[in-house]
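User: Take a close look at the interface between the two chains. Give me the folds on either side, then the contacts across it.

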Amino acid sequence: MTGVMVASVPIDTQVHDTYFVVAHFHYVLIGGAVFPLMGAMYYWFPKFTGRVMSERLGRVVAGLVFVGFNLTFFPMHLLGLHGMPRRIYAYTADMGWGPLNLFVSGSAVVLAAGFLLFFIDAIRSAHAGKPAGDNPWGAPTLEWATASPPPAYNFAQIPVVTGPDPLWQHQDEIAVACGLRLDRREILITSVASARPQARESSPGNTIWPLWTAIATSIMLIASIFTPWAVVWGMIPVAIALTFWFWPKGTPEDEA
Amino acid sequence: VRTRPILDVSDLPLHGGGSQSVTWWGTLGFMLIEGTGFALVIAMYLYLRALAPEWPLSAPPPSLMWGTLITAWLLLTEVPNILIYRAAGEQKLGRVRLLMPVMTVAGIVPLVLRWYEFKTLWVMWDSNAYGSVVWLLLGLHATHLVTDLGDTVVLGVMMFTRHGRNKRRLGDVQDNALYWHFVVLTWLPIYVLLYWVPRL
């Protein structure tokens with residue numbers, strides 16, 4: 001966004017390589033990306049740990065970070081407009097940027113305190129937070145229909161979704177598909193646009209061959225730095241590993 | 001949360017063909033990636049040609065014979081390739097078994113021809129920019145010939161084992177045939193570029 005703004009020649013002439021640029025991109029980056037990231041942490045923390053973070057500390061963190069962020073980066077715009085260049089660590093006292101920079105430094109401490117409190121709360125809540133249950137927020141989307149933290153397979157039965165808010169459509173009940181086999185790892189293949197089920201594709205079992213393939217490929221590529229012949233000879237173990245990986249194992253997954 | 005079964009999938013096939021197969025999508029994605037690779041090298045060739053004072057750079061154009069033979073051969077292999085694609089789609093294992101060795105030969109012959117093709121480029125990869133881009137383009141296509149031949153041999157052997165009579169494996173044969181289409185089709189613009197553009 002800063003780049004878009006300084007693409008305008010009159011603005012660029014005024015603020016090029018000044019503190020304004022530093023101020024603006026942090027304003028955009030923290031406001032636009034870091035705030036949502038923190039929001040997402042609070043939102044999904046209960047899902048991946050099974051415990052909710054502290055509501056009370058969360059309000060303090062939100063306050064400290066929001067206030068600290070604005071008081072740190074907004075005055076930096078003004079410093080830039082006053083002519084302070086970016087990427088300097090010292091300047092003479094008569095430039096008059098001192099008081100505002102001192103204020104910015106103080107505000108940065110407030111911002112950092114907010115982040116510190118956030119991390120302390122995250123670490124604390126991970127083992128001592130209030131148990132979350134499946135859906136602490138009463139949220140409508142599928143991840144909240146399974147346990148917190150979710151089992152490795154996510155759902156014992158695949159949910160059938162007909163709208164954007166599946167958990168709000170029927171209270172305490174979720175529509176699922178049945179009929180997948182229990183002796184064969186199966187996933188559903190569906191049509192691209194309307195997601196109509198088309199086939200029960202098998203999902204491969206555990207195998208060591210992808211690892212051997214990766215190791216053989218790595219050896220080939222690293223050796224090719226030293227001699228081009230490594231590509232020729234190195235292809236042989238790669239091809240062998242790929243073939244063993246591909247070759248049917250006679251398990252139920254290979255049935256069709 | 002209670003669960004309510006509303007959809008029974010037990011009557012769905014264990015493997016779908018075409019766009020119902022993840023391998024088919026994988027093949028499509030691979031074509032997209034490799035096709036982009038070819039397009040980039042072709043763009044490099046044309047870019048260098050636009051900059052060079054003469055083209056080809058201090059070398060005669062490559063001999064027409066071997067490249068033209070490969071082109072003719074590749075177009076010819078499309079006949080058994082289309083037949084094996086159909087046979088695999090109709091799950092006719094006997095016909096697939098018959099055509100797999102044919103497709104193996106179809107893949108070996110252009111590799112032999114390519115050996116002579118490299119020899120009659122009249123330039124080495126480290127001679128100049130022209131040599132580099134010509135070797136890169138021909139080498140890139142040769143890599144595809146080699147890998148498809150590898151696929152064909154492995155699948156061909158499999159067709160003669162107990163794993164051959166299987167919808168999924170016949171689908172692999174189809175995807176392999178699809179990939180041979182790609183190898184043949186990408187060769188045509190490369191042939192024009194390598195052999196006829198320097199003669200313009």
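Analyst: In this predicted model, chain B comes to five helices and one strand. The order along the sequence is β-α-α-α-α-α, so the strand leads and the helices follow, by the DSSP runs used here. The radius of gyration of chain B is 21 Å, where a compact globule of 200 residues would have one near 16 Å. Along the principal axes, its C-alpha trace spans about 75 × 45 × 25 Å.

Now the partner. Chain A has eight helices and five strands. Its pattern along the sequence is α-α-α-β-α-α-β-α-β-β-β-α-α. Chain A is more spread out than a compact globule, because its radius of gyration is 28 Å and the globule rule gives 18 Å for 256 residues. The C-alpha atoms of chain A fill a box of roughly 80 × 65 × 40 Å along the principal axes.

Next, the interface itself. On the side of chain B, 28 residues are in contact with chain A; on the side of chain A, 34 residues are in contact with chain B. The area buried between the chains is about 3,000 Å². Carbon and sulfur atoms give 60% of that area. In chain B, the residues that lose the most area to chain A are B:Val1, B:Arg4 and B:Leu14. Together these three account for 22% of what the chain B side buries.

The polar part can be counted too. The rule finds 18 residue pairs in polar contact across the interface, with both residues at pLDDT 80 or more. Four elements of chain B give two or more residues each to the side that touches chain A: β1 (2-8), α1 (22-51), α4 (129-159) and α5 (167-196). The largest share, seven residues, comes from β1(B). By class, the chain B side that touches chain A has 14 nonpolar, eight polar and six charged residues.

The strand β1(B) deserves its own look. Six bridges join β1(B) to strand β3 (residues 173-178) of chain A. The two strands run parallel. One bridge pair can be named: A:Glu173 has B:Arg2 in β1(B) as its bridge partner. In a regular strand, side chains alternate between the two faces of the sheet.

A:Glu173 also takes part in a charged pair. B:Arg4 forms a salt bridge with A:Glu173, and the closest N and O atoms are 2.6 Å apart. B:Arg4 is also one of the residues of chain B that lose the most area to chain A. The count between the two chains is four salt bridges. Over all chains, the structure holds 13. Side chains of opposite charge can pair when their charged atoms come close.

For contrast, here is a pair inside chain A. A:Arg59 forms a salt bridge with A:Glu55, the closest N and O atoms being 3.1 Å apart. Both residues lie in helix α4 (residues 55-81) of chain A. They are four residues apart, about one turn of the helix.

Chain A also has strand pairing of its own. Strands β4 (residues 186-190) and β5 (residues 197-202) of chain A pair in the antiparallel sense over five bridges. In β5(A), A:Glu201 is the bridge partner of A:Ile187. The two strands form a hairpin with six residues between them. In the turn, A:Ala195 has a positive phi of about 55°.

How values were computed: Residues are numbered from 1 along each chain as its sequence is written. Chains are lettered from A and ligands numbered from 1 in the order in which they are written. This is a predicted model: local features need pLDDT of at least 70, side-chain atom pairs count only at pLDDT 80 or more; totals for chains, interfaces and linings use all residues. Side-chain values use heavy atoms; hydrogens and water are left out. Contact means heavy atoms within 4.5 Å. Buried area is the accessible area (1.4 Å probe) that two parts lose on being put together, summed over both. A salt bridge is a side-chain nitrogen of Lys or Arg within 4 Å of a carboxyl oxygen of Asp or Glu. A polar contact is a pair of N or O atoms within 3.5 Å; within protein, one must be able to donate a hydrogen and the other to accept it, and residues adjacent in sequence count only if both atoms are side-chain atoms. Ala, Val, Leu, Ile, Met, Phe, Trp, Tyr, Cys and Pro count as nonpolar, Asp, Glu, Lys and Arg as charged, and the others, Gly among them, as polar. Two strands pair if DSSP finds at least two bridges between them. The radius of gyration is taken over C-alpha atoms; the globule rule is 2.2 Å times the number of residues to the power 0.38.
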